[in-house]
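Grab a coffee and open the viewer: here are some exercises to work through with the model on screen. Try each task yourself before reading the solution.

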Amino acid sequence: MAELDIGKHCQIESCNIKDFLPFVCDSCSGVFCLSHRSREAHSCLEDPVKRESSCSGCSTSYPCSFEECKGKELLPVICPHCEKHFCLAHRHQDDHNCERLEVPKPRMAATKELVQKIVDSKDRSKTKGRRGAKNSATAAKVALMKLKLHAVGDKGLPQTERTYFQVYLPKESKNSSQPMFFCSKWTVGKVVDFAASQASLKNNNNVSTAKKLRLCHPDTGETMPMDDTLLVLMSHPETPLHNGGNVILEYLDNECTGLQDVYEYITETR
């Protein structure tokens with residue numbers, strides 16, 4: 001059996017010892033034993049080699065691109081729209097006045113006004129106090145107490161899982177609106193089915209050629225995804241639903257994405 005040749009001899013002639021774990025000098029690249037591994041021990045004549053760190057990004061910091069901000073982050077925080085670096089405080093488009101910040105489209109403003117007209121036209125009981133609410137969240141808190149007294153729903157639902165809405169019914173419905181409560185874990189599809197049964201509405205959502213009963217957002221008028229749960233919609237970062245707020249049920253064609261595709265104007269009130 002052949003012997004394995006392991007290790008190397010020290011390059012110092014007076015030593016020449018075979019070291020199984022030899023050392024290579026960073027400066028002269030010579031091979032030495034443990035005793036002669038240092039530059040002084042083998043009288044190295046070469047200048048020390050300056051090696052670049054293998055971790056090129058370990059100490060890198062990323063300065064914020066926002067004007068007059070001196071903040072830095074150890075990890076890149078890049079705006080997906082303008083692709084610039086920002087600190088955590090200026091990472092959102094609104095916070096750094098993003099050059100690609102989308103300006104609200106005129107259609108969206110018109111749609112919001114249209115939805116308000118729909119709600120106003122159906123709600124005779126709106127009081128001055130409700131109109132004076134500062135925003136949707138505040139108005140929803142005020143309305144929630146009243147809704148809890150009159151809302152219909154599944155009595156078996158735990159109180160902690162109940163979410164209350166004033167449901168505005170389709171324009172051809174006998175009633176304008178009805179207070180209801182649903183399970184916060186339900187999907188929009190289940191909410192629509194339950195609301196239809198409570199209000200005795202025709203529900204042909206399983207018929208491909210029929211108009212579909214859809215749940216629309218009270219601020220944007222857009223249809224809400226049938227697979228989203230109420231919990232998801234209530235935690236939306238920009239246009240959340242509010243417990244005690246409004247939702248709109250309406251029959252829409254399959255290609256419609258919201259109320260703006262149906263109502264050109266509202267001329268009649270109930």
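## Exercise 1: Cysteines and disulfides

The disulfide count for this predicted model comes to zero.

**Task.** Work out why Cys44 is not counted in a disulfide.

**Solution.** Start with the closest partner: the cysteine sulfur closest to that of Cys44 belongs to Cys28, and the gap is 3.8 Å. Next, bring in the cut-off: a disulfide needs two cysteine sulfurs within 2.5 Å. The Cys44 sulfur is therefore too far away for a bond. Cys44 still counts as buried, because its relative accessibility is 14%.

**Task.** Now do the check for Cys87: how far is its sulfur from the closest cysteine sulfur?

**Solution.** Look to Cys64, whose sulfur sits 3.8 Å from that of Cys87, too far for a bond. Then check the burial of Cys87: at 6% relative accessible area, this residue is buried.

## Exercise 2: The cores

**Task.** Find the largest nonpolar core and say which element gives the most to it.

**Solution.** First, the size: this core has 30 residues. Its best-connected members, going by contacts inside the core, are Val167, Phe182, Leu201, Leu215 and Leu249. Second, the suppliers: helix H3 (136–150), strand E7 (162–168), E8, H4, E9, H5 and E10 each put in at least two residues. Third, the top giver: H4 wins with six residues. There is also a second, separate core of seven residues, with Cys69, Cys82, Cys87 and Cys98 among them. As general background, nonpolar side chains tend to be buried together in soluble globular proteins.

**Task.** Zoom in on helix H4: which of its residues are buried, and what do they pack against?

**Solution.** H4 covers residues 188–198, and its buried residues are Val188, Gly189, Val191, Val192, Phe194, Ala195 and Ala196. Those buried residues pack against strand E8 (177–183), strand E9 (212–216), helix H5 (230–234) and strand E10 (245–252). Step past the end of the helix and you get to Ser200, with a positive phi near 55 degrees.

**Task.** Which residues does Phe182 touch, leaving aside its neighbours within four places in sequence?

**Solution.** Begin with H4 names you've just met: Val191, Phe194 and Ala195 are among the contacts of Phe182. Then add Leu157, Glu161, Arg162, Thr163, Phe165, Val167 and Leu230.

## Exercise 3: Salt bridges

**Task.** How many salt bridges are there, and which side chains form them?

**Solution.** The count comes to two. One pairs Lys84 with Glu99, at 3.3 Å from N to O. Both partners lie in the loop between strand E6 (72–73) and helix H1 (106–122), so the bridge ties together parts 15 residues apart in sequence. Lys84 is partly exposed at 36% relative accessible area, while Glu99 is exposed at 57%.

The other bridge joins Glu161 and Lys185, at 3.4 Å from N to O. This pair links distant parts of the chain, 24 residues apart: Glu161 is in the loop between H3 and E7, and Lys185 is in the loop between E8 and H4. Lys185 is exposed, with a relative accessible area of 52%.

## Exercise 4: Buried or exposed?

**Task.** Sort Phe20, Gln93 and Gly221 by burial.

**Solution.** The cut-offs to use are under 20% relative accessible area for buried and over 50% for exposed.

- Phe20 comes in at 59%, so put this one down as exposed. You'll find Phe20 in the loop between strand E2 (18–19) and strand E3 (23–24). Together with Ile6 and Leu21, Phe20 makes a nonpolar surface patch of about 360 Å².
- Gln93 has 19%, so call this residue buried. Gln93 is in the loop between E6 and H1. Beyond neighbours within four places in sequence, Gln93 is in contact with Cys79, His81, Cys98, Arg100 and Leu101.
- Gly221 has 0%, so this glycine is buried. Gly221 lies in the loop between E9 and H5. The C-alpha of Gly221 is 5.1 Å from that of Leu259, although the two are 38 residues apart along the chain.

**Task.** Zoom out: what percentage of the protein's residues is buried?

**Solution.** Of the 270 residues, 36% are buried. The protein's accessible surface comes to about 18200 Å², and carbon and sulfur atoms account for 51% of that.

Key
Residues numbered from 1 in each chain as written. Predicted model: local features only at pLDDT ≥ 70, side-chain atom pairs only at ≥ 80, totals over all residues. Heavy atoms only, no water. Buried < 20%, exposed > 50% of the residue type's maximum accessible area, 1.4 Å probe, protein only. Helix = DSSP H or I, 4+ residues; strand = E, 2+ residues; numbered from the N terminus. Contact = heavy atoms within 4.5 Å. Patch = residues over 30% accessible without salt bridge, like charges linked within 9 Å, V, L, I, M, F, W, Y side chains within 5 Å. Areas by Shrake-Rupley, 256 points an atom, 1.4 Å probe, with all protein chains shown as cover. Salt bridge = Lys/Arg side-chain N within 4 Å of Asp/Glu carboxyl O. Core = buried A, V, L, I, M, F, W, Y, C linked by side-chain atoms within 4.5 Å.
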